[in-house]
Amino acid sequence: MVHSININGTTHRVDVDDDTPLLWVLRDNIGLTGTKFGCGVAQCGACTVYMDGQPLRSCSMPVSAIGEAKITTIEALAGKEAQAVQAAWIKHDVPQCGYCQSGQVMSAIALLTEIRKPTDRDIDLAMNGNLCRCATYVRIRAAIHDAARTLEG
């Protein structure tokens, strides 16, 4: 079946089965490979994208459920929150293998868009479900606090 979906501000027509996960449409049909496959059951966060501005696990979202929603991937991130998070990630040397980082960054930006000065608890709640096999959680938290301070100024 042909589906029209809005990805990063562009409408794409894709001919896929209704139950095809959005993740595979992004990667295999549209060629946006920044969103990663981690677990396939929405538990690790590597596949995080935004649907109408809200974080969503794309591995478990069938393309037929997207409808008119606007999907944003790591490739289209822009704005002061994105710049602050990206700079803090580099400053704190967050990634090791880097595999989970697109999902981590997407979740961190969503948090800072909602809560400008997050507590450790806010960060833990927002980042819960984003697994990092390299266990850089301490650096992730420090980078989010640093990005928040940048946004204050």
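The following exchange examines how several descriptions of this predicted model are justified.

Colleague: Why is Trp-89 called buried?

Modeller: The relative accessible area of Trp-89 is 5%. Buried means under 20%, so Trp-89 is classed as buried. The residue is placed in helix 2.

Colleague: What makes Ala-87 partly exposed?

Modeller: Ala-87 has a relative accessible area of 46%. The class between buried and exposed runs from 20% to 50%, and Ala-87 is therefore partly exposed. Ala-87 also belongs to helix 2, which spans residues 80–91.

Colleague: Which residues are in contact with Trp-89, leaving aside its neighbours within four places in sequence?

Modeller: They are Val-94, Pro-95, Gln-101, Gln-104, Val-105, Ala-108, Ile-140, Ala-143 and Ile-144. Contact requires heavy atoms within 4.5 Å.

Colleague: What makes the pair of Trp-89 and Gln-101 a polar contact?

Modeller: The two side chains make this contact at 2.4 Å. The cut-off for a pair of N or O atoms is within 3.5 Å, and the value of 2.4 Å satisfies that limit.

Colleague: Which residues have the most contacts inside the largest nonpolar core?

Modeller: That core has 24 residues, and those with the most contacts inside it are Leu-77, Val-85, Trp-89, Val-105, Ile-109, Leu-112 and Ile-144. At least two residues of this core come from each of helix 2, helix 3, helix 4 (120–127) and helix 5 (137–152). Helix 3 gives the most, with seven residues. Apart from this core lies another, of 16 residues, which includes Ile-7, Val-14, Leu-26 and Ile-66.

Colleague: Which residues does Ile-144 contact, leaving aside its neighbours within four places in sequence?

Modeller: Ile-144 is in contact with Trp-89, Ala-108, Leu-111, Leu-112, Pro-118, Ile-123 and Met-127.

Colleague: How do you know that strand 1 and strand 2 pair?

Modeller: Pairing requires at least two bridges. Strand 1 (residues 2–7) and strand 2 (residues 10–15) are joined over six bridges in the antiparallel sense, so the criterion is met. As one of the partnerships, Val-2 has Asp-15 of strand 2 as its bridge partner. The hairpin of these strands has two residues between them, and Asn-8 takes a positive phi near 55° there.

Colleague: How do you know that strand 1 also pairs with strand 5?

Modeller: Two bridges join strand 1 to strand 5 (residues 70–72). The requirement is at least two, so these strands count as paired, here in the parallel sense. Asn-6 has Lys-70 of strand 5 as its bridge partner. Strand 5 pairs in the antiparallel sense with strand 3 (residues 48–51), over two bridges, and Tyr-50 stands opposite Thr-72 of strand 5.

Colleague: Why is one side of strand 2 and of strand 4 left without a neighbour in the sheet?

Modeller: The five strands form an open sheet in the order 2-1-5-3-4, with mixed pairing. Strand 2 and strand 4 (54–57) stand at the edges and each has a single partner strand, so one side of each lacks a neighbour. From one strand to the next, the twist averages 40°. Helix 1 (residues 22–30) packs on the sheet, touching strands 1 to 5, and its direction makes about 90° with that of strand 1. Helix 3 (residues 101–114) also packs on the sheet, touching strand 3, strand 4 and strand 5, with an angle of about 40° to the direction of strand 3.

Colleague: What makes Lys-91 and Asp-146 a salt bridge?

Modeller: The closest N and O atoms of this pair are 3.2 Å apart. The limit is within 4 Å, so the pair qualifies. Lys-91 lies in helix 2 and Asp-146 in helix 5, 55 residues apart.

Colleague: Why do Lys-91 and Asp-146 fall in their respective accessibility classes?

Modeller: Lys-91, at 59% relative accessibility, counts as exposed, because exposed means over 50%. Asp-146, at 10%, counts as buried, because the threshold is under 20%.

Colleague: Why does the pair of Arg-141 and Asp-120 tie together parts that are apart in sequence?

Modeller: Their closest N and O atoms are 3.7 Å apart, which makes a salt bridge. Arg-141 lies in helix 5 and Asp-120 in helix 4, so the pair ties together parts 21 residues apart. Asp-124 also forms a salt bridge with Arg-141, at 2.6 Å between the closest N and O atoms.

Conventions
Residues numbered from 1 in each chain as written. Predicted model: local features only at pLDDT ≥ 70, side-chain atom pairs only at ≥ 80, totals over all residues. Heavy atoms only, no water. Helix = DSSP H or I, 4+ residues; strand = E, 2+ residues; numbered from the N terminus. Buried < 20%, exposed > 50% of the residue type's maximum accessible area, 1.4 Å probe, protein only. Axes fitted to C-alpha atoms, helices over the stretch in contact; angles between N-to-C directions. Polar contact = N/O pair within 3.5 Å; in protein donor to acceptor, adjacent residues only side chain to side chain. Core = buried A, V, L, I, M, F, W, Y, C linked by side-chain atoms within 4.5 Å. Salt bridge = Lys/Arg side-chain N within 4 Å of Asp/Glu carboxyl O.
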